[in-house]
Amino acid sequence: IVQPERWEIPPHEHRFVNVYFNPTEIKSYRSIFFAEIDDEGVQTSANTELANAGKSLKFDLAGSGTLPCIGFESPTERSPDGNLMINFGKILLERSNRKRIILRNDGVMPATCLF
């Protein structure tokens, strides 16, 4: 999405255009940004080739859809069926034991973990 879609830019000034990327799948995307001067009704005495020089701007856009990726540094022990496991062992009644879980963000974007 490009916003705004149309803009008049006075001489010797500039404007910022917002280009939005909203991937819907985990894959790479490519597109082309193309801007063109609307000179309809403008008269010029220059030859056609010179008159068309600088009338358009074109460049590639690229991005990748991705998801957050959380990994475990600790614990590393696994149950017989392959799941990560924290073994607290035998604990007397009314006593407690504490184990630390270390999570790691392996992705390229921020990740939120809910417990």
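The exercises below, each with a worked solution, concern a predicted model of a protein chain.

**Exercise 1. The fold in outline**

Determine how many helices and strands the chain holds, in which order the elements run, and what share of the residues is buried.

Solution. Begin with the secondary structure, which comes to one helix and six strands. Reading from the N terminus, one finds the order β-β-β-α-β-β-β. Turn next to burial: of the 115 residues in the chain, 7% are buried. The exposed surface amounts to about 11,000 Å², and carbon and sulfur atoms supply 52% of that area. Finally, consider the contacts between residues at least 6 apart in sequence, of which 55% join residues at least 24 apart.

**Exercise 2. A salt bridge between strands E3 and E4**

Find the acidic partner of Arg30, and work out which elements the pair ties together.

Solution. As a general point, side chains of opposite charge can pair when their charged atoms come close. In this model the side chain of Arg30 meets that of Asp60 in a salt bridge, with an N to O distance of 3.5 Å. Because Arg30 lies in strand E3 (residues 28–36) and Asp60 in strand E4 (residues 56–64), the pair ties together parts that are 30 residues apart in sequence. To place the two partners relative to the surface, take their relative accessible areas: Arg30 has 64% and is exposed, and Asp60, at 52%, also counts as exposed, since the cut-off for that class is over 50%.

**Exercise 3. A network of salt bridges**

The structure holds four salt bridges; identify which residues are linked with Arg104 in a network, and describe the individual pairs.

Solution. The first pair to consider is Glu73 with Arg104, whose closest N and O atoms are 3.8 Å apart. Since Glu73 lies in strand E5 and Arg104 in strand E6, this pair ties together parts that are 31 residues apart in sequence. The next pair joins the side chains of Asp106 and Arg104, with an N to O distance of 2.5 Å. Taken together, Glu73, Arg104 and Asp106 are linked in a network of salt bridges. As for accessibility, Glu73 is partly exposed at 42%, Arg104 is partly exposed at 32%, and Asp106 is partly exposed at 41%.

**Exercise 4. Aromatic pairs**

Establish how many aromatic pairs a search of the whole structure finds, and classify each by its geometry.

Solution. The search finds two aromatic pairs. In one of them, Phe21 and Tyr29 lie 5.6 Å apart centre to centre with 75° between the planes, an edge-to-face arrangement; Phe21 itself is partly exposed, with a relative accessible area of 46%. In the other, Phe33 and Phe59 are stacked, with centres 4.8 Å apart and 20° between the planes. Because Phe33 lies in strand E3 and Phe59 in strand E4, the stacked pair ties together parts that are 26 residues apart in sequence. The accessibility classes of these partners can then be assigned, with Phe33 buried at 12% and Phe59 partly exposed at 37%.

**Exercise 5. The loop between E5 and E6**

Examine the loop between strand E5 (70–74) and strand E6 (102–105), taking Phe88 as the starting point, and describe the local features at Pro75, Ser79 and Glu94.

Solution. Phe88, which is partly exposed at 37%, belongs to a nonpolar surface patch formed with Ile70, Phe72, Leu84, Ile86, Ile91, Ile101, Leu103 and Phe115, the accessible area of the patch being about 810 Å² together. Pro75 also lies in this loop, and the peptide bond leading to Pro75 from Ser74 is cis, with omega near 10°. Ser79, another residue of the loop, counts as buried at 16% relative accessibility, and its side chain makes a polar contact of 2.2 Å with the side chain of Asp81. Glu94, likewise in the loop, has a positive phi near 70° although Glu94 is a residue other than glycine, and counts as exposed at 82%.

**Exercise 6. A positive phi at His12**

Locate His12 in the chain, and state its phi and whether it is buried or exposed.

Solution. His12 is found in the loop between strand E1 (2–3) and strand E2 (18–19). The phi of His12 is positive, about 65°, although His12 is not a glycine. With a relative accessible area of 86%, His12 is exposed.

Note on methods
Residues are numbered from 1 along each chain as its sequence is written. This is a predicted model: local features need pLDDT of at least 70, side-chain atom pairs count only at pLDDT 80 or more; totals for chains, interfaces and linings use all residues. Side-chain values use heavy atoms; hydrogens and water are left out. Patches are made of residues with over 30% relative accessible area and no salt bridge: like charges are joined within 9 Å, nonpolar side chains (Val, Leu, Ile, Met, Phe, Trp, Tyr) within 5 Å. Accessible areas come from the Shrake-Rupley method with a 1.4 Å probe; for residues, only the protein chains shown count as cover. Helices (H or I, at least four residues) and strands (E, at least two) are DSSP runs, numbered from the N terminus. Buried means under 20% relative accessible area, exposed over 50%, partly exposed in between (1.4 Å probe, protein chains only). Rings of Phe, Tyr and Trp (its six-membered ring) pair if their centres lie within 6.5 Å; planes under 30 degrees apart count as stacked, over 60 as edge-to-face and the rest as tilted. A polar contact is a pair of N or O atoms within 3.5 Å; within protein, one must be able to donate a hydrogen and the other to accept it, and residues adjacent in sequence count only if both atoms are side-chain atoms. Contact means heavy atoms within 4.5 Å.
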